[in-house]
Amino acid sequence: MKFQVFGLNHATAPVSIREKYALAPDAVKAFLRDLKALAPEAAFLSTCNRVEFYFLAEPAAEVTALIRKKLQAYHRLSPAEARKYFYRHEDLEAFRHLFRVAASLDSMVVGESQILGQVKEAFRFSVEAGMAGSTLTGIFNRAFSAAKTVRSQTEIARMPVSVSSVAVSLAGKIFGDLAQKKVLLLGAGEMSELTAKYLAGEGVADFWVANRTLEKAKALAAKLKGQGLSLDQGIAQMGEADIVLTSLQVERALVGAPDVEAAMRSRKGKPLFIIDLGVPRNVDAEAGRQAQVYLYNIDDLSAVAQSNQQERQKAMAAADEILSREIDGLCSWLNNLELVPTIVRLKERFESVRQEEWDDFSKRLAHLDEKDRALVERLSRDLAAHLLHAPLVTLKNLPDARERFEYAKMLNDLFGLWKGPEE
Amino acid sequence: MKGLDILLGLAVAAYGLGAAQAFRYLAYLDPALEASAFRWLTWGIGLQAVFLAALGGSQGYTPVTNLSEILSVLAFSLGVALALGRSKVSAPLLSVLFLPFIFLLSVFSLVAAAKGQGPMSSLLTEPLIALHIFLTLLGYSFFTLGFGVGVTYWLQESQIKRHQLRKWANHLPALDSLEGLTVFFTGWGFLLWAAGLFMGIFQALKVWGGIPCSDPKILGSFSVLLIYAAFFLGRWGLGLRGKKTMVLVLAGYFLALFTFLGVQVFLNSRHVY
């Protein structure tokens with residue numbers, strides 16, 4: 001059976017199309033069950049950036065046609081429209097695709113961490129629907145393991161690429177453990193709230209929120225389980241905070257260098273991280289020159305995010321190399337599953353051809369005695385065995401797992417041991 | 001001696017494997033490789049501890065009397081300091097920096113041992129002198145690690161301050177952890193160095209009948225203590241943090257290095273080495 005992937009993603013289809021094909025979890029299970037007759041092992045991955053079916057089937061065309069038909073019926077898309085956005089890969093290309101997806105090399109934001117969880121979820125659905133046999137399980141488990149290796153051995157996921165995550169990562173580089181740190185928010189803007197939530201995710205529990213409108217400050221403080229303050233109270237509180245996050249709409253800097261200097265005096269040399277998300281800037285740039293003060297404005301954070309994104313792109317070559325090694329390992333494992341049946345089927349095919357020919361010829365050799373007829377039949381057997389011997393030895397002795405896999409596949413196609421794909 | 005040579009050879013091999021794993025960590029950034037490097041380091045420390053104890057036992061005095069022994073003790077004490085630091089804060093790049101250095105020291109020690117040197121002076125076999133040397137070498141090792149961490153802090157701090165974060169910044173601990181680690185190494189170095197000097201004073205009184213305060217080695221050693229004392233006073237007494245205190249760590253180390261190596265080369269001292 002061939003491992004295949006059929007689907008669409010952010011590179012082939014715009015969001016207006018992708019959203020039409022997304023399925024709810026219950027629908028996924030029902031969909032998988034409908035496929036069972038044709039594809040005994042299958043998984044369905046549906047995220048905001050991709051909709052993909054991974055399956056083991058033979059022939060593939062029937063399965064893809066069924067998937068297309070079902071999706072078209074479900075979403076009322078014309079066949080031509082659907083064909084435009086879909087892609088299909090099989091065997092090595094399909095392995096490579098799955099491994100790249102799981103390792104987040106095929107993501108819109110390369111290296112994002114969500115996708116691995118989503119692929120795991122897709123596999124879990126497949127298991128629950130009774131559609132994950134030993135082959136699909138082996139392939140997916142190796143994809144998960146490869147993704148982990150890529151994450152731990154390359155820079156692909158180490159560098160944050162959004163402004164908020166860069167800010168939180170910087171806080172970690174300064175303070176290490178953020179659990180005991182205190183955060184002051186000056187302004188209750190959306191970006192501040194998002195960054196504060198990231199910080200809360202890292203264990204920060206002490207928040208003060210100061211705003212011109214006290215009610216707004218209190219509302220956000222309630223969300224963060226912190227304390228709401230007036231703006232003046234907030235600025236006075238700066239010396240107590242380890243991280244100050246500003247996002248106020250002001251005409252000129254609200255926090256001056258003397259304010260920060262005063263805060264630093266009461267901090268007795270402890271570092272202060274100021275994240276200025278306001279435009280125009282809320283904090284005077286001079287404040288950042290003071291020792292132990294780390295001041296980042298929105299452009300500084302964006303520049304770090306951009307440079308990190310470039311680093312992630314550079315790390316892709318190393319990640320692809322790791323995936324190639326892992327795919328070799330997978331091919332090697334699959335060889336043990338594929339090679340033996342291929343050899344058995346090939347021998348059976350030769351034997352059936354020989355038998356057919358012998359049945360035909362034996363009638364024409366009726367004039368021979370029993371001994372001579374047995375001799376000719378033996379000749380046909382030996383001839384078939386000799387013809388098979390060299391290719392089978394070569395196949396078994398191929399050192400490269402991928403090559404062995406490709407040869408086995410080729411033999412299957414050449415001798416029609418499986419039915420080939422029909423488009 | 002053959003058994004001892006084998007022990008030292010095994011220790012060197014363990015350090016070598018640790019250094020190799022540290023370099024592999026640098027190439028693949030796999031934490032498992034750093035953990036493996038650390039396991040080899042602990043094997044190296046263990047084997048070298050047995051070697052030093054056995055050597056001391058067979059000679060009848062602490063093995064700090066010639067170049068081979070000094071290098072061996074230095075490699076051992078750096079290993080101990082690194083292992084203690086690593087148990088406090090996980091800083092893989094420190095292992096990468098120091099393991100090859102420890103390996104090189106142990107190789108030089110092995111090479112020097114092959115030449116079969118005896119004690120540089122019979123005075124060095126005195127128990128108090130040996131203890132004086134052993135403690136100051138240990139102290140020096142901790143200062144070296146403190147210096148390494150201090151430099152790392154300096155680089156990391158500058159990157160964050162100037163908004164120019166390089167790729168390797170992701171593999172360094174937080175500034176807070178680096179500062180804590182510097183205090184840890186420097187604190188232990190200070191205590192061991194001070195204890196070593198204390199032993200030295202006893203021996204000086206016994207051998208020289210007084211403390212030759214003008215001896216550059218003694219002057220340097222006490223100045224090192226003063227600089228590190230200023231570091232602790234600044235940190236705990238005046239609330240100084242960050243680069244301001246790191247300057248003292250770096251200055252203290254450079255003076256310790258000069259006292260340890262430079263004095264014998266550029267100045268005259270009554271010390272054997």
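**Entry 1: F6(A) and its sheet**

I looked up F6(A) and found that its bridge partner in strand 4 of chain A is R88(A). I took helices (H or I, at least four residues) and strands (E, at least two) as DSSP runs, numbered from the N terminus. The model is predicted: local features need pLDDT of at least 70, side-chain atom pairs count only at pLDDT 80 or more, and totals for chains, interfaces and linings use all residues. Residues are numbered from 1 along each chain as its sequence is written, while chains are lettered from A and ligands numbered from 1 in the order in which they are written.

I then followed the pairing, for which DSSP must find at least two bridges between two strands. Strand 1 (residues 2-9) of chain A pairs with strand 4 of chain A over four bridges, in the antiparallel sense. In chain A, I read an open, antiparallel sheet of four strands in the order 2-3-1-4. Strand 2 (41-46) and strand 4 (87-90) of chain A are its edges, each pairing on one side only. On average, neighbouring strands of this sheet are turned by 15° against each other, direction ignored.

**Entry 2: helices on the sheet**

I noted two helices here. Axes are lines fitted to C-alpha atoms, for helices over the stretch in contact, and angles run from 0 to 180 degrees between N-to-C directions. Contact between two residues requires C-beta atoms, placed from the backbone, within 7 Å. Helix 2 (residues 25-35) of chain A lies across strand 2 and strand 3 (50-57) of chain A, at about 150° to strand 2 of chain A. Helix 5 (residues 92-102) of chain A lies across strand 1, strand 3 and strand 4 of chain A, at about 50° to strand 1 of chain A.

**Entry 3: G79(B)**

Next I found G79(B) in helix 3 (residues 67-88) of chain B. G79(B) counts as buried because it has 28 C-beta neighbours inside 10 Å; the cut-off for buried is 20 or more other C-beta atoms within 10 Å, for exposed 12 or fewer, with partly exposed in between. Not counting residues up to four places away in sequence, G79(B) touches L41(B), G44(B), I45(B) and I102(B).

**Entry 4: the contact and the confidence**

I checked the contact, which takes 22 residues from chain B and 23 residues from chain A. Helix 6 of chain B gives the most to the side of chain B that touches chain A, with three residues.

For confidence, I read that chain B averages a pLDDT (per-residue confidence, from 0 to 100) of 87. The predictor gives the complex an ipTM of 0.83 and a pTM of 0.71.

Conventions: pLDDT = per-residue confidence, 0-100.
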